Number of protein chains: 2
Amino acid sequence: MLIGEYIHTIDEKNRVSMPSKFRKELGKKIIITPGLDQCLFIFTMKEWTKVSKRLSDSDSDLSFLKADKRSFNRFMFGRAAEVEIDSIGRILIPDFLKERIKAVGRVAIVGIQDRIEIWNEKTWESYKEVAEKQADELAEKLGNDTK
Amino acid sequence: MLIGEYIHTIDEKNRVSMPSKFRKELGKKIIITPGLDQCLFIFTMKEWTKVSKRLSDSDSDLSFLKADKRSFNRFMFGRAAEVEIDSIGRILIPDFLKERIKAVGRVAIVGIQDRIEIWNEKTWESYKEVAEKQADELAEKLGNDTK
DNA sequence: TACGAAGTGGGAAATTGTGGGAAATAATAA
DNA sequence: TTATTATTTCCCACAATTTCCCACTTCGTA
């Protein structure tokens, strides 16, 4: 399971090294997509298959005939990237995704069960501050939601 | 799988290079057709076979009136072109398709699972802005679905 | 202290995207 | 028809980026 928070560097070549604790579970290739709240999601290939299958509702070969499917798929697939993990555990963040979260210098890499999130460090810090305050209510709410 | 977004140039000879990540999957020939929503669709030959079979299938569950179906098929088939990929990965956009999406200068090349879309860069940007508004709900759904 | 693992940086080589010229083909005019 | 011009195809060249590899540094541990 992917858990924990790490602060790493994104260098001038857009490389970020994955925390060593994550590497085994990640495998050789991962999928990176825009996520919620100014971050990026990283999925293992296995997880991605699950998620995309569930969400894209593999209707038929002609899903492009439906307007809502088109816009959904454009968002889902058009803005994702398949990325290899290099020999020493680093990934390359595509430009269009890097810009999206304004990643410069340091980024937060956060394991959340089956996925990883990448944040601009500052954004992550302020997000945490807010979340911290709401943690109790949030936990309460989540507790209720699971039943 | 064809995923991700790339911004390339369409030159004075109407040439556009396919992102190298797509080349293997595309093979040597592709089909390019007018697409829906101000873009062009590119299919692999394999995918095109599937699509065209489904479109021409008289028993298909498409809820088209006959007249609608005829005109849609004219649109899809009548204006499709088989295009070769040259030795360094470029394709030639036929004039009538180029004009259709008003491609000048820079174009967006977007991988969407089994097809590629080509957009005028500006049009793509504004399309994305709109989609962005729905992004949070979408990501929310994504997050929840990953358990 | 020595060692190995992890994170970071950078140089060299290979690849990719782009532009442009020459050859081949098509179109037009004389 | 031939001569001339335009268009398309093919090939090469360049620059920028990406990829690959090696090395340094830091940190924890034996």
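This is a short chat about reading the sheet of chain B and the DNA surroundings in a predicted model.

Visitor: Let's start with the sheet. In what order do the strands of chain B's open sheet sit?

Guide: The general idea is that strands of a sheet pair through backbone hydrogen bonds, either parallel or antiparallel. Here, 6 strands of chain B line up as E1-E7-E8-E4-E3-E5, with antiparallel pairing. E1 and strand E5 (81-84) of chain B are at the edges with a single partner strand each, so one side of each has no neighbour in the sheet. On average, neighbouring strands are turned by 25° against each other, direction ignored.

Visitor: Let's zoom in on E8 of chain B. How many bridges join it to strand E7 of chain B?

Guide: Strand E7 (residues 105-113) and strand E8 (residues 115-120) of chain B are joined by 6 bridges and run antiparallel. For one pair to look up, try B:Val110, whose bridge partner in E8(B) is B:Glu117. The link between E7(B) and E8(B) is a hairpin through 1 residue. E8(B) also pairs with E4(B), again in the antiparallel sense, over 4 bridges. There you'll find B:Phe43 opposite B:Arg115 of E8(B).

Visitor: And how do I read the faces of a strand? Are those of E8(B) covered or bare?

Guide: In a regular strand the side chains alternate between the two faces of the sheet. In E8(B), B:Arg115, B:Glu117 and B:Trp119 are on one side, B:Ile116, B:Ile118 and B:Asn120 are on the other, and all are buried. That makes 6 of its 6 residues.

Visitor: Which strands does helix H2 of chain B touch?

Guide: Helix H2 (residues 45-56) of chain B packs on the sheet and touches strand E3 (29-34), strand E4 (40-44) and E8 of chain B. Its direction makes about 105° with that of E4(B). Then look for helix H5 (residues 121-133) of chain B, which lies across E1, E7 and E8 of chain B at about 105° to E8(B).

Visitor: Now the DNA. Which residues are the closest to DNA strand C?

Guide: Of the 18 residues surrounding DNA strand C, the closest are A:His8, A:Thr9, A:Ser20, B:His8 and B:Ser20. Strand E1 (2-10) of chain A and strand E1 (2-10) of chain B each supply at least two residues of that surface. By class, it has 4 nonpolar, 10 polar and 4 charged residues.

Visitor: What surrounds DNA strand D?

Guide: Both chains again: among the residues there are A:Lys13, A:Asp86, B:Lys13 and B:Leu92. The surface near DNA strand D has 4 nonpolar, 2 polar and 3 charged residues.

Terms used: Residues numbered from 1 in each chain as written. Chains lettered and ligands numbered in written order. Predicted model: local features only at pLDDT ≥ 70, side-chain atom pairs only at ≥ 80, totals over all residues. Near = placed C-beta within 6 Å. Nonpolar A, V, L, I, M, F, W, Y, C, P; charged D, E, K, R; others polar. Pairing = 2+ DSSP bridges. Axes fitted to C-alpha atoms, helices over the stretch in contact; angles between N-to-C directions. Contact = placed C-beta atoms within 7 Å. Buried ≥ 20, exposed ≤ 12 C-beta atoms within 10 Å, placed from the backbone.
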